[in-house]
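Visitor: Got a minute to walk through this one with me? I'd like to start with the aromatic rings, then move on to the cavities.
Guide: Sure, let's put it on screen.
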Amino acid sequence: MELEKWYKVSKEEEFKKNPQLDQNDIDTIREWMAKQQYFPEIPDHQIILFLRANHFSVERTKENIENYFTMRTIYTNFFSERIYSSEAMKTAREVIHTAFLEGTDDDGNRVFWCSLRDPNPALYNPVHCSRYLTMIFDADQLEKGSVKGYSVVMDSTGFVFGHGIKWNLGLVKQNVAYNQDGSNLPILRVYFINTNSVVENLVNMAKKIMSPELAKKVYVISTKNYSKIFDTIPKKIVPSDCGGDCGKTKEELSQETHKVVNKYADYFVLEEKLRVNDLKRAQKSKFANDVEGIQGSFKKLDLD
């Protein structure tokens, strides 16, 4: 299969990392996908990622696969035109810092750090920035294979009303729905740090449509309580310009992450073909209506 070559961690390595992994479960999932007829064909490596994210439950994995490919087909805002060299993705890289830190948190999770690189709200496009984030995490799965989990740090420094009003309710709903029901990323914690009223209101709005399970993973840390981030993320891996001791800045770490994503530029072209064929689906997806009504915004909310 053409996609197999993009996975840097071999199946043999995955079995060593995951003693609970069973080839029979992989075969069961593959047979189930084939019977549905509307799924794309995917390599065993990707099925392994789904199983690992769902604690090796076959039934939960089936539901995750259903949601994952359905949402990636419907949510074109985030999962189409993922072209590394495009002006949209170039601008996203200029607007935000996006970096995987060199090391893990105290629980062994990979840590991703995101912040504004250019605080000018006029340059900020939440769709393009979110799209680039999906590329980064896809690239990390290709590069690292299955992992215990992810901790995500969203540094809110410089995020103001002009940024907030660009997040309309439809985009928030899609973002929450995908991370809650569609993603095969084992994201265990999300920290919003250096927050202000704008960010806190947006997070509270998002929490209202999250499941209790997902909402419990979200932590809001104000600037005065910034040191709390070190309760679980060791200083030795945090960027040197964020109070850490890793010896590299956000910019340096971001450039390293960009290089990894660029390695998979051709993969993203192929990945866009991995979508469901709705003509062969017996029933309309429950997420089909999520693409409607996304033109509104949070302008009427008290974001100040």
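Visitor: How many aromatic pairs does the count come to?
Guide: The count comes to 21 aromatic pairs. Keep in mind that this is a predicted model.
Visitor: Pick one. Are Phe79 and Tyr178 stacked, edge-to-face or tilted?
Guide: Their ring centres are 4.8 Å apart and the planes stand at 55 degrees, so the pair is tilted. Stacked would need under 30 degrees, and edge-to-face over 60.
Visitor: Where in the chain do those two residues sit?
Guide: Phe79 is in helix α5, residues 76–79. Tyr178 is in helix α9, residues 169–182. They are 99 residues apart, so the pair links distant parts of the chain.
Visitor: Is Phe79 buried or exposed? And Tyr178?
Guide: Phe79 is buried, at 1% relative accessibility. Tyr178 has a relative accessible area of 8%, so Tyr178 is buried as well. The cut-off for buried is under 20%.
Visitor: Which residues do ring pairs link into a cluster with them?
Guide: The cluster holds Trp32, Tyr38, Phe39, Phe50, Tyr68, Phe69, Phe78, Phe79 and Tyr178.
Visitor: What sits over the ring of Tyr38?
Guide: The charged end of Arg281, 4.6 Å from the ring centre. Tyr84 has a charge over its ring too: the end of Arg93 lies 3.7 Å from the centre.
Visitor: Switching to cavities. How many turn up in the whole structure?
Guide: Two of 30 Å³ or more. The largest has a volume of about 70 Å³, and the second largest holds about 50 Å³.
Visitor: Which residues line the largest cavity?
Guide: Tyr7, Gln46, Leu49, Tyr68, Asp138, Gln141, Leu142 and Tyr267. Two elements give two or more residues: α3 (44–53) and α7 (126–144). The largest share, three residues, is from α7.
Visitor: What's the polarity split there?
Guide: Five nonpolar, two polar and one charged. Tyr68 is in that lining, and Tyr68 also belongs to the ring cluster.
Visitor: And what lines the second largest cavity?
Guide: Leu49, Arg52, Ala53, Gln141, Gly145, Ser146, Val147, Tyr150, Asn184 and Pro186. This lining divides into five nonpolar, four polar and one charged.
Visitor: Which element gives the most to that one?
Guide: α3, with three residues. Leu49 and Gln141 line the second largest cavity, and both are in the lining of the largest cavity too.

Note on methods: Residues numbered from 1 in each chain as written. Predicted model: local features only at pLDDT ≥ 70, side-chain atom pairs only at ≥ 80, totals over all residues. Heavy atoms only, no water. 1 Å grid on protein atoms, 1.4 Å probe; cavity = no way out; pocket = protein on both sides within 12 Å on 5 of 7 lines; lining within 4 Å. Points joined across faces, edges and corners; volume = space filled by probe spheres on them. Helix = DSSP H or I, 4+ residues; strand = E, 2+ residues; numbered from the N terminus. Nonpolar A, V, L, I, M, F, W, Y, C, P; charged D, E, K, R; others polar. Phe/Tyr/Trp six-rings, centres within 6.5 Å; stacked < 30°, edge-to-face > 60°. Buried < 20%, exposed > 50% of the residue type's maximum accessible area, 1.4 Å probe, protein only. Lys NZ or Arg CZ within 6 Å of the ring centre and 35° of its normal.
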